[in-house]
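Let's take a friendly walk through a protein model. Have the sequence and the 3D view open as you read, and look up each residue when it is named.

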Amino acid sequence: MSGWLKATLMVIGAVCVLLVAGASPVLGAPAVLRGGLMQLLGLLAGLLALWGGWRLAAGLRVQFVFGLVCTFFAVSGLIAAWMYGCQTVENAMLGGAMWFGAFATACTAVVGLLFAAIFGYFVRGVMRRRLWLAAAHWSCFFIVLGAFWDYCSERTATVQVTAGSGDKVTEVKTATGEVLPLEFALQVEDFSVSYYDGAAAPADARHNRLIVKDGERYLPFIWMNGRWVSLPEGHLKQEGEELVLGKRRYAPASFVQPEGVAYPYLLISEPLPAGVQGVGAVKEYRVACTVYTDHRGRPETRHEVLKVNEPIACKDWHIYLLSYHYNHAENTVSVVLQARNAPGRWFALVGMVGLMLSTACWCWWRREESADVMERKELVEA
């Protein structure tokens, strides 16, 4: 190994240590990780990784590039076989007419296996141990490339949506006021919280509100902590002949006045949203969503479940669940979502998968024998 190559590996290792530690005597980890110096070091490490991989592949560079392309198609075939294989099992369990769908997805899974087998055979023939080490260097470069691409062109925005309101999110607004179209519609259907040890709110837990008519005035109350609490002004509005509380309308004719009661009133009792009044350690937050999009010019409706750290992907956007707010006065749950468009994410994922695969192959691939050893073997065999 040449002195320049050793120096390259030492620099890459030092930069990785800095990235992981984020140490700084005055500014702290966030300032270091996002500062210009760290970005410059990351760029330098990426370029050195690209150059080091190219040097390692000296004499076998055409073979190296061809092997990387074949590796990409082999891994893509395995992914397709896994995804369509799982879909085949799911369709087969439904039975009936879905057997035709199971047959179709099974054929696609077989095609994926053929891709993996054919291109895997090419990989086995052209790749060498040092070429896998070169591939690991290039994988590091792809990770850095994805990070810098996102830094230059990533777009993020947050949006708050009330669950079950029927509102469709088709665009988001950034912190700077820029409006970004999503190219699809997202509707939040339901929100639920599950707890460990089943510590959720009882299934018969109710949310109670009361509207009392006092002459020409209407006074809204809410049941909290074992007593009726008056709601501040602005919660109840009168529009024509109807009363508007939250997003629901009520007619004054629906008020009742039993015998012995001084004022007419309207009691509104609704079930609490699932789990929002539970106690204990939270196990999972779940948001049921409907995505309205198109696939190859045809309308498509997808029902998705959004969880923390499990985003929904559509049209180069990823939707993340950040938090939720329970409006006790209106008995509604609003979820705070983050829409993130990161074009460099694909390069970073390719680099991560490539780094894991190339490192494993470099460790376990059969060692190359030198020309002198092979000549001695030939003499012995002769």
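What follows is a short briefing on a cavity, a sheet and some strand pairings.

Please keep in mind that this is a predicted model. Its one cavity of 30 Å³ or more is lined in part by strand S3 (179–195). S3 is also a good strand to follow through the pairings, since you will meet it with S2 and with S11.

**The cavity**

- The structure holds one cavity of 30 Å³ or more, and the space in the largest cavity comes to about 30 Å³.
- Two elements give two or more residues each to the lining of this largest cavity: strand S3 (179–195) and strand S15 (332–341).
- Which element provides the largest share of the lining of the largest cavity? That is S15, with three residues.
- To find the largest cavity in your viewer, select the residues that line it: Val159, Val169, Leu182, Leu186, Ile319, Leu337, Gln338 and Ala339.
- How do the lining residues divide into nonpolar, polar and charged? Seven are nonpolar, one is polar and none is charged.

**Strand S3 and its partners**

- Strand S2 (residues 168–173) pairs with S3 in the antiparallel sense, and five bridges join the two.
- Within this pairing, look for Lys173, which stands opposite Val179 in S3.
- S2 and S3 form a hairpin with five residues between the strands. In that hairpin Gly177 has a positive phi, near 95°.
- S3 also pairs with strand S11 (residues 282–295), again in the antiparallel sense, and here there are 10 bridges.
- For an example from this second pairing, find Phe191: its bridge partner in S11 is Val287.
- While you look along a strand, a general point may help: in a regular strand the side chains alternate between the two faces of the sheet.

**An open sheet of four strands**

- In what order do the strands of the open sheet of four lie? The order is S6-S5-S4-S10, and the pairing is antiparallel.
- The edges of this sheet are strand S6 (227–230) and strand S10 (265–271), each of which pairs on one side only.
- On average, neighbouring strands of the sheet are turned by 30° against each other, with direction ignored.
- At the S6 edge, four bridges join S6 to strand S5 (residues 217–224), and the two run antiparallel.
- One pair to look up there is Trp223 with its bridge partner in S6, Trp228.

Terms used: Residues are numbered from 1 along each chain as its sequence is written. This is a predicted model: local features need pLDDT of at least 70, side-chain atom pairs count only at pLDDT 80 or more; totals for chains, interfaces and linings use all residues. Side-chain values use heavy atoms; hydrogens and water are left out. On a 1 Å grid over the protein atoms alone, a cavity is a set of points where a 1.4 Å probe fits but cannot get out, and a pocket is an open set with protein on both sides within 12 Å along at least five of seven lines; lining residues have an atom within 4 Å of a point. Grid points are joined across faces, edges and corners, and a volume is the space filled by probe spheres set on the points. Ala, Val, Leu, Ile, Met, Phe, Trp, Tyr, Cys and Pro count as nonpolar, Asp, Glu, Lys and Arg as charged, and the others, Gly among them, as polar. Two strands pair if DSSP finds at least two bridges between them. Axes are lines fitted to C-alpha atoms, for helices over the stretch in contact, and angles run from 0 to 180 degrees between N-to-C directions.
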